[in-house]
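Subject: Structure handover

Hello,

Here is the structure we talked about. Please open it and keep it beside this email as you read.

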Amino acid sequence: MNNLNAELAYFRQKIDADFAEHLAYGKPLPSGTINAVVLESPFANVLAKKKLEELVKELEASYSVLQRNGATVSTQFREWLPRRQKDINFFYWERLKRYYLDRGMLPPQVVATLDRVSNEVLGYCGDPAESDPWNRRGMVIGHVQSGKTTNYSALICKAADAGYKIVILLAGLTNTLRSQTQERLDEYFIGRKSVFGQVVTEPMPIVQYASEKRFPARGTSRDKDFRTEAASTYGVSLSALNEPIIFVVKKNLTTLRLLRDWLSHENHGESISEPLLLIDDEADNASVNTQKDPGRVTAINGVMREVLSLFDRSSYVGYTATPFANIFIDPETEHSMLGDDLFPRDFIKALDPPSNYVGATRVFDEDGDLHDPMVRIVGDYRDILPLKHKRHEAPDVLPPSLLRAIRVFVLTRALRILRGDGSKHCTMMINVSRFNDIQEAVQGLAYKYLEDLKSAVSVSAGLGDDALKDPVIQDLCEDFENEFSGTEFTFDEVLGVLHGGLKSIVTATVNMRGGGLDYSNYKDEGLHVIAIGGLALSRGLTLEGLTVSYILRNTAASDTLMQMARWFGYRPGYEDLCRVYLPEVSYEHYLYINEAIEELRSEVKRMQEIKATPSDFGLRVRQSPTAIRITAANKMRSAKTMTIAQDYSGRHVEGHVLFNDRDINRSNVELLRNFLSGLGEPERKPAGKSGKTMPSAGWQGIPGQEILRLMSSFQFPAQHGDLSRISGDSSLLADYVRDRLDEKLGEWDVAIPGRSARKANSCKDPFSLGISIREREKGHARGNTYRVYGGRNRVADPADAKLFLTQEQISAAEQAGNHKGDTKYCMERDRPLLLIHVFSTNGELAELRDGEPPHDKLDLTDPVVSLSFCLPGTSKEPVTRTYQVNQVYRKQLDLLSAEPDDDEDAIAEGDYV
């Protein structure tokens, strides 16, 4: 496609011009538009048919991408940007916008959304034309590798255009990440290659997209973080700023103190009148006091606040994909010396990713479209490199699954060459330890194996049919058949380019001892690398062209685990080649945490609908079940009491974890038999013309007290945080119901969903209601628990949440678009719904994947029963309760933190790399 760049630029300009109004609202182009534009162009009779098809494919991939605006929670604030917008010369933003569009770097629909969202965020910041003192605090929630840099680059450009004179960008904990961020800002905002001491600075391509030459001043460079002497020599005095000045600074105590002192000295100790925009990238990381070493973290937090306090007018905007630490800051905490804390008291903006984003739901949800092709479970590491190890326990060999992953990476490199992407970056990530010594040992072993592959391919790849006599070629062929036989190429074609593809692959460590990646030095030929590291691969760093990831980590801290997922992002033209190798325990943690993150994002949307403030939102989330899942690892391990305000509004809470105990199951069956006997005859058809969807057996208008008695007696294991007994005989959900018996939860519908008669199960209905029992044969048995669908937190069928809803309600739910999954149906309910699930396992469990630990014995006998609860939406505030947490519940929280965070090591290092 590289030789069609001129043609692509022509078509982008034409489509953007002809469909400008259409694209500005983020709408997809009408079907057939791209094909018609290409075939009616001057190129139609010049280019070969195959080239025309390539153009259409590339353009359709770009113009099919959609992105929504996301949701916002904010305080009441007079918006200033709309009234000033027509008077602002948006030089920096217009230059960046043209750069994105004309080079095809972002789809036009995404640029349109970026324009709207960055206007919104800037509008929530302070007005730089307002001379009276002000300070604003906000947060933008993105997704891992989803384009936060793109978003805050647009914000910086617009802020500079609107009159902000000083921009400080805090760019993570490592030199590698800070340098990469500086390069991005050179490209998107500064317009010059930031290297101090050069007589002539190299212009960046973006300067071609403006009719005049304007450049901001800078106080940092690609190779140097902030230093007083450099800023004084090459920067600009704050008193003589014609253009804004930007500092891209590592989040390091020494560096931040130097910057603070320099700013204070520049203004002779007086408060600074020029407006400041401080952007905190990875804002949950070291900016707030949630780590084990509170003195150290508080020092970084404190000096950040000291910098802000130097200015009469300042806006702080934290960017993060894992916002939990920020939300759990106490919004009432203030310190007279340091000024306001960093809680985002003024606004919280949750970004929606573009439709082509590869994120946790697509990868880890078992219904995700990339789950099966991408996820590979490994287990052969245990005797070689166990998840829990010490820094001196370096391996002598690599696990067979890691050798296979390296071979698969080599194959993806060859396939990308065949697809015309041979000169693009291509990366494999190996993240197996937080210890540098072990990373370097793994790097040596990976290097040796890579050399063995190169040698074998060099000797045997050209031998035709005899090539397969080489054991290495046999392994590669087997891996190809297992992983890539569905691609458009054969193994013989792959073998033909493998030697050339392998030659350029190198190995590198990326850690605090100085290793790094510099993709900018390989723009023409591409960097093809196997990167081995820990922290530096777990936070913010973009691994260009990442195709294969191998991760062995035992952390369950939500933010650390999600940030390790550098495979999230955008994989145009090769997402089908990407693979992720990880242990079963990590896979299940990803499932668990993704659910909590999605719950938090949906909470932003709900709080937006009821016009709540960030402080309301912070209090609500901190006292909710989300808090238990997210902060248990670093806040609740030693807790004997917990203050929680559980909120299950609009949720379907499913009993997906059961005791693996036949006696407890029999007791639950008998409990349900007695409960149902008191309900009378079930309804089986819609009454009159109500049009309601009906279960195999159902009852309406059941008193909430009856449901509560059932909930209190039904036995769920401690692994189910919502339904198990947290204190005494009570669960979080039972208390939520108890608090609302006098309103929306006073009367319930009850349903037993079955399966169609033509798929009858031989298992007998234990309640003698003529129900055809469902089958569940994909469960996991681990210790004393049985998970009905293994890693999925489900027991219900997708359609169960629609039961007792009218067709009008179902249509309204599906057209609303504000909620996902079962929540959209729950929000339409007039009454809550109890679902009684009856199923058989037939003694079967899920088929084990490679590396997955074996099942324990299944101790359940058919039929098996469970419950789930569909709760209607409500705006009523949850009731705060303090629980004396029992020992079993605390033990479950302990399991959420099996390994110290990488971030703690980095902070303890002091002036770390």
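The expected span of a helix is 1.5 Å times one less than its number of residues. Keep that in mind for helix α9, residues 175-190. This helix has 16 residues, and a straight one would reach 22 Å. In this model, which is predicted, the end C-alpha atoms of α9 are only 20 Å apart. So α9 falls short of the expected span. Helix α9 is also mostly covered, with 14 of its 16 residues buried. Just after α9 comes G191, with a positive phi of about 85 degrees.

**Backbone points to look at**

Most residues other than glycine have a negative phi, and most peptide bonds are trans. Three places are worth a look with that in mind.

- H268 is not a glycine, yet its phi is positive, about 55 degrees. You will find H268 in the loop between α11 (253-266) and β6 (276-281). Is H268 buried or exposed? Its relative accessibility is 70%, so H268 counts as exposed.
- F804 is not a glycine either, and has a positive phi of about 70 degrees. F804 sits in the loop between β24 (785-787) and α27 (807-816). Its relative accessibility is 3%. Buried means under 20%, so F804 counts as buried.
- D862 and P863 are joined by a cis peptide bond, with omega about -5 degrees. P863 belongs to the loop between β25 (833-840) and β26 (864-870).

**The cores**

How many residues does the largest nonpolar core have? It has 87. The residues with the most contacts inside this core are F364, M428, W567, F568 and Y590. Helix α16 (residues 400-418) gives the most to this core, with nine residues. Another core lies apart from it and has 53 residues. Among them are Y648, L679, Y786 and L834.

Now take M428. Leave aside its neighbours within four places in sequence. M428 is then in contact with L402, A405, I406 and F409, among others. Its contacts also include V529, I530, A531, L546, V548 and Y550.

**Helix pairs**

Two packed helices are described by the angle between their axes and the distance between the axes. Start with α16 and helix α17 (residues 436-460). They pack at about 50 degrees, with their axes 11 Å apart. That angle makes α16 oblique to α17. The crossing of these two helices, α16 and α17, is right-handed. On the α16 side, L403, I406, R407 and V410 make the contact. They meet A446, Y449, L450 and L453 in α17.

Next come helix α24 (residues 662-677) and helix α25 (residues 704-713). Their packing angle is about 170 degrees, and their axes are 11 Å apart. Angles over 145 degrees count as roughly antiparallel, so α24 is roughly antiparallel to α25. From α24, the contact uses L671, L672 and F675. From α25, it uses E706, I707, L710 and S713.

**One last residue**

Look for E120 in helix α7 (residues 108-124). At 24% relative accessibility, E120 counts as partly exposed. Which residues does E120 touch, not counting those up to four places away in sequence? They are T72 and K349. E120 and K349 are 229 residues apart in sequence. In space they are 9.0 Å apart, C-alpha to C-alpha.

Best wishes

Technical notes:
Residues are numbered from 1 along each chain as its sequence is written. This is a predicted model: local features need pLDDT of at least 70, side-chain atom pairs count only at pLDDT 80 or more; totals for chains, interfaces and linings use all residues. Side-chain values use heavy atoms; hydrogens and water are left out. Helices (H or I, at least four residues) and strands (E, at least two) are DSSP runs, numbered from the N terminus. Buried means under 20% relative accessible area, exposed over 50%, partly exposed in between (1.4 Å probe, protein chains only). A nonpolar core is a set of buried Ala, Val, Leu, Ile, Met, Phe, Trp, Tyr and Cys residues joined through side-chain atoms within 4.5 Å. Contact means heavy atoms within 4.5 Å. Axes are lines fitted to C-alpha atoms, for helices over the stretch in contact, and angles run from 0 to 180 degrees between N-to-C directions. Angles under 35 degrees count as roughly parallel, over 145 as roughly antiparallel, 65 to 115 as roughly perpendicular and the rest as oblique. A crossing is left-handed if the near helix is turned anticlockwise from the far one by less than a right angle, and right-handed if clockwise.
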